[in-house]
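Student: Could you take me through one part of this model in close detail? I would like to begin with a single feature and then see what surrounds it.

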Amino acid sequence: MNKFTFSYPVKVYFGEGSAKEALKAETFPMGETVMLAYGGGSIKKNGIYEELKSLLLEAGKRIVEFSGIMSNPTYEKVQEGAALAREQQVDFILAVGGGSVIDCCKVISAQAVLDEDIWELEYRKGQFPQKGIPMGAVVTVSGTGAEMNGGAVITYEEKKWKGGIFAETPSFAVLDPVYTASVPPMQVLSGAFDTLSHALETYLGSSDQDNVSDDLALAVMRNTVVNMRRLLLNIHDMQARSNLMWDSAMAENGILKCGRLTDFQVHQIEHQLGAYTDCNHGQGLAVLQPVYCRHILKDAPEKMLRFAKEVFGAETMEGGIVALEQLIRDCGLPAKLSKLQSKEPITPELLRQVADTSNIIKCNPRELSRDEIYEILMECR
Ligand code: NZQ
Ligand code: ZN
């Protein structure tokens, strides 16, 4: 284990009916004006919007709505939200949605109290915001674990860049599996695949053996696969949805990352692919992950074998990847880039640009070259 400091700032309210409980307990210190932030309107169709709005009004809050946060939220949307938060003197931000809404709100929170542009601060000066408007998250689609940390993934369209911005961490998170009941099956499964990828990418980052972080990552992966398979039998299986919701949180609450480096190379490539195509995050990972695993197989043989055995009950490293590919097919997730929804045709030229702009991770299993990233992307076609 490497040296580390661990503290956990997010209070989690998990289970059916937990929004009511959370808002009753958390509204008092929120201040008067609450920004209710959400996406394209799913919460208006499934009743979540009405329920939360009533709870906020009952608690005497003035509500400022901020809606239309898109999947793969843009830097422009962040700036729009920050301007509104400043203008309306928002005291608290309640993010209601999935990774996109929660990430957008994390950065709105920090940007609203900063005198300078947050991208410039982080990427030119190498500094990070020290404060933000306090916020909470109500998760309506799980998989990213975005509610559990202060990192956000934002698309800066002008710069053709999608990447991490460190901003505000929610002080509390509501995880009610019933809130995810209306999520379309494909999104449920691509979210679960995202969770699987988080645990796998965390697991692959260090080469040291016999640490509990690896054991936990394997347990999260195994449990994610078991529950994805349960959903293939019955997509409305609420116990499986509930298990996956906690898997998603466990993969990103920092516990699996204690004492170790993390890989996240597939995520870096997928994020840049997202910058050029606006593809669905979990689906992009489903295409890339097995191809990447084949590329690094010989660089992490013990880890890949253990992954194969403990997550899929396979006998060999290759068998583990075959089982991963089978899971992707069974879930109906895309296995090729040509099956992804993209705003632009996915040409070799576009993939070269993705390869040339992806972040390269310099730890285990191995540092990739830009040409190898391009090769991986071309194999995914
Ligand atoms: O916008 P609405 O209308 O709400 O529809 C959303 C959206 O279309 C819909 N949805 C959400 N809750 C629903 C629902 N539909 C029906 N019923 C409900 N209860 O689901 C769609 C997808 O939502 P989105 O938030 O975009 O998905 P996800 O949670 O997968 O988030 C993806 C974003 O998170 C980033 C990704 O890069 C991407 O931008 N990530 C964030 C991470 C983090 N902060 O830790 C880590 C991840 O690796 C990831 O990069
Ligand atoms: Zn992810």
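Student: By class, how many nonpolar, polar and charged residues does the lining of the largest cavity have?

Tutor: Happy to look at that with you, keeping in mind that this is a predicted model. The lining of the largest cavity has six nonpolar residues, five polar ones and one charged one. A search of the whole structure finds one cavity of 30 Å³ or more, and the volume of the largest cavity is about 110 Å³. You can pick out its walls by selecting Val141, Ser142, Gly143, Thr180, Val183, Val188, Gly191, Ala192, Thr195, Arg241, Leu244 and Met245. Two helices, H7 and H9 (238–252), each supply at least two residues of this lining. H7 gives the most, with four residues.

Let us stay with helix H7, which covers residues 185–203. Asp194 lies in this helix, and its OD atom is a donor to the zinc ion (ligand 2). The other protein donors are the NE2 atoms of His198, His267 and His281, and the four residues lie 1.9 to 2.2 Å from the ion. Read along the sequence, the donor residues follow the spacing D-x3-H-x68-H-x13-H. Within this set, Asp194 in H7 and His281 in helix H11 (residues 281–296) link distant parts of the chain, 87 residues apart. Asp194 and His281 are both buried.

Further along H7 you come to Thr202. Thr202 counts as buried because its relative accessibility is 0%, the limit for that class being under 20%. Leaving aside residues up to four places away in sequence, Thr202 touches Leu256, Lys257, Arg260, Leu261, Thr262 and Phe264.

Now follow H11 from the zinc site to another hollow, the second largest pocket. H11 provides five residues, the largest share of the lining of this pocket. Helix H13 (317–331) joins H11 in supplying at least two residues each. The space in the pocket comes to about 150 Å³. Its lining consists of Ala286, Val287, Pro290, Val291, Arg294, Glu325, Ile328, Arg329, Ala335, Lys336, Glu379 and Cys380. By class, seven of these are nonpolar, none is polar and five are charged.

One of those lining residues, Arg294, also forms a salt bridge with Glu318, with 2.7 Å between the closest N and O atoms. Because Glu318 sits in H13 and Arg294 in H11, the pair ties together parts that are 24 residues apart in sequence. Glu318 counts as partly exposed at 36% relative accessibility, and Arg294 is also partly exposed, at 32%.

That pair belongs to a wider set, as a search of the whole structure finds 21 salt bridges. Another of them joins Glu344 to Lys160, whose closest N and O atoms are 3.2 Å apart. This pair links distant parts of the chain, 184 residues apart: Glu344 is in the loop between H13 and helix H14 (348–357), and Lys160 is in the loop between strand E6 (151–156) and strand E7 (161–166). Glu344 is partly exposed at 31% relative accessibility, and Lys160 is partly exposed at 30%.

For a salt bridge within one helix, turn to H6 (residues 118–124), where Arg124 and Glu120 are four residues apart and so separated by about one helical turn. Their closest N and O atoms are 3.1 Å apart. Arg124 is exposed, with a relative accessible area of 57%, whereas Glu120 is partly exposed at 30%. Salt bridges also link Asp215, Arg222, Arg306 and Glu310 in a network.

As a last stop, look at strand E4 (residues 92–97), where Leu94 is placed. Leu94 is buried, with a relative accessibility of 0%. Not counting residues up to four places away in sequence, Leu94 touches Leu23, Val34, Met35, Leu36, Ala37, Leu56, Gly136, Val138 and Phe172. Between the C-alpha atoms of Leu94 and Glu122 there are 24 Å in space, and the two residues are 28 apart in sequence.

Key
Residues numbered from 1 in each chain as written. Chains lettered and ligands numbered in written order. Predicted model: local features only at pLDDT ≥ 70, side-chain atom pairs only at ≥ 80, totals over all residues. Heavy atoms only, no water. Buried < 20%, exposed > 50% of the residue type's maximum accessible area, 1.4 Å probe, protein only. Contact = heavy atoms within 4.5 Å. Donors = N, O, S within 2.8 Å, 3.2 Å for Na, K, Ca; no water. 1 Å grid on protein atoms, 1.4 Å probe; cavity = no way out; pocket = protein on both sides within 12 Å on 5 of 7 lines; lining within 4 Å. Points joined across faces, edges and corners; volume = space filled by probe spheres on them. Nonpolar A, V, L, I, M, F, W, Y, C, P; charged D, E, K, R; others polar. Salt bridge = Lys/Arg side-chain N within 4 Å of Asp/Glu carboxyl O.
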